[in-house]
Amino acid sequence: MHILRTSDRITGLRGLAGTGKTTALRELVAACKDARVEPLFCAPTAAATDVLRKEGFEAVTLQSLLQSKPILSKRQLVVLDEAGAVGIDDMKRLFELAKECRVVLSGDTGQHASVARGDALRILEQHSNLQSGQLTRIRRQRRAEYRHAVELAAQKRTTESFAQLERMGAVTEFSGNQIYDSAAQSYLKSRKQNKSALLVAPTWTEIEAVTEKVRAELKSSGVIASEEKEFQVFDSLSWTEAQKRDAREYRAGQVLNFHRTTHGFSKGESAEVVQVSDDSLKLRRPDGSETSVQLGRGSAAFDVGETRTLKIAAGDKLLLQANWRKKFINGELVEAKSVQGDSILLSDGRIIPSDYRTFTHGYAVTSHAAQGKTVDEVLVVASSRSLAAINQQQFYVSISRGRERCQVFTDDKDLLRSHVTHSNARVAAVEVVPGAAMKRHKFIRQILQWSERVRELMRLNPVKQRHTEVIHERRGIRI
């Protein structure tokens, strides 16, 4: 295996969806034990970290690792799973932390990239000398014809992948709302056969439409209770850090949900935006008191979203959408056993308290939420009303979740076929620098070497450090 033999300090492990990455990582752990090297696993999200833990790996979130700043030695190996979902800022911080040990970047750039700025892993793969081990044999799909469709999608041969699904009879076209009726019936049929199933749609409009059909059938059959209770839940807008710093993005009525203590707000507290100025927001707390928050340059301590009414009944499946006190994990699917006042008792004994309101129905999810999940049957809903959200990465992630079967429901095959070839990969700064690839590589190396020389001079001569910083500030240079 490349990652066991290479002398590179940073190496990659590219595992396509369903290629048995867990088995490869277990082999890596065994090899580390023989070499007396301690592996340290991390992942960018709590959900991905939880998957690693359930597979038997001792893992922490990437943010936890970066904040704890452990002293790492040559006898340690950092394995970053789902590396394709890490932005350039966090990747840079990881490299600085792990400068004395080896790093393995495990991920698939064909799936969804990071929300944070910069597709770090893709940039490294395409514009550096990063060498990666490859896991190309897909094992998840049990039927050869289905597996071939996923292989083609993984190779970015999306038109051929779509054609393969059509040959399988896995793409069906319906008119109007029949698309949601048919998808809901297929989902319920899988449940009756005791098969795990997942509905995947590109937008929340589609998700809500098919969820309404599913819940109506479950109510009529008595699977979920007819009596419902309304909850005011928080819907994140999934803004980037740049959007959170831009006052022009805000509107009165939006809600800030604080994920760490700051500006006089406690972790978990929410406040409504009542007024927007050039560089600040006036917020109203639930008790009616108002305060102002300055929009700074650093990482925002809050998420931005909107509130909406959600009806919950005993028996409902719920999707948790935020981490909470190590009890709930973002992306977790749970079932409501009963509704008790402002709390919800789950079938596993846990209770959703009155101060946790970041959840929704869990019958259908976006492809982002589906990434990392495996089920018996995946049912993809993609109508023409959601074409703007359909792309190559969304298609690949969506169809590759199933073991036994994939079924695509649409109202226009031709339009869908044309949109699944579109890539949503972001253009990096290095990709707009004029010149050939070799010139770009040389340019990057020179910048990195210059930066390292300046850092070393500062370390050796701290007396001149402030003077150097002043010069850089005048020239507009940041180190």
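A disulfide is taken here as a pair of cysteine sulfur atoms within 2.5 Å. By this rule, the predicted model contains zero disulfides. Two of its cysteines can nevertheless be placed with respect to the surface. Cys-32 is buried, because its relative accessible area of 6% falls under the 20% cut-off. Cys-101 likewise counts as buried, at 2% relative accessibility.

A good place to begin a tour of the fold is helix α9, which covers residues 178-192. How far apart are the end C-alpha atoms of this helix? They lie 21 Å apart, and this agrees with the 21 Å that 15 residues should span at 1.5 Å a residue. The buried residues of α9 are Ile-179, Tyr-180, Ala-183, Ala-184, Ser-186, Tyr-187, Leu-188 and Ser-190. As a helpful piece of background, an α-helix has 3.6 residues a turn, so residues three or four places apart point the same way.

What covers the buried residues of α9? The cover includes the helix α10 (204-220) together with β8 (197-200), β15 (317-320), β21 (375-381) and β22 (402-410). After α9 comes Asn-194, a residue with a positive phi, near 60°.

Further along the chain, helix α13 spans residues 392-399 and holds Ser-398. This serine has a relative accessible area of 1%, so it is buried, the cut-off being under 20%. Leaving aside residues up to four places away in sequence, Ser-398 touches Ser-367 and three valines, namely Val-200, Val-378 and Val-380.

Notes. Residues numbered from 1 in each chain as written. Predicted model: local features only at pLDDT ≥ 70, side-chain atom pairs only at ≥ 80, totals over all residues. Heavy atoms only, no water. Helix = DSSP H or I, 4+ residues; strand = E, 2+ residues; numbered from the N terminus. Expected span 1.5 Å × (residues − 1). Buried < 20%, exposed > 50% of the residue type's maximum accessible area, 1.4 Å probe, protein only. Contact = heavy atoms within 4.5 Å.
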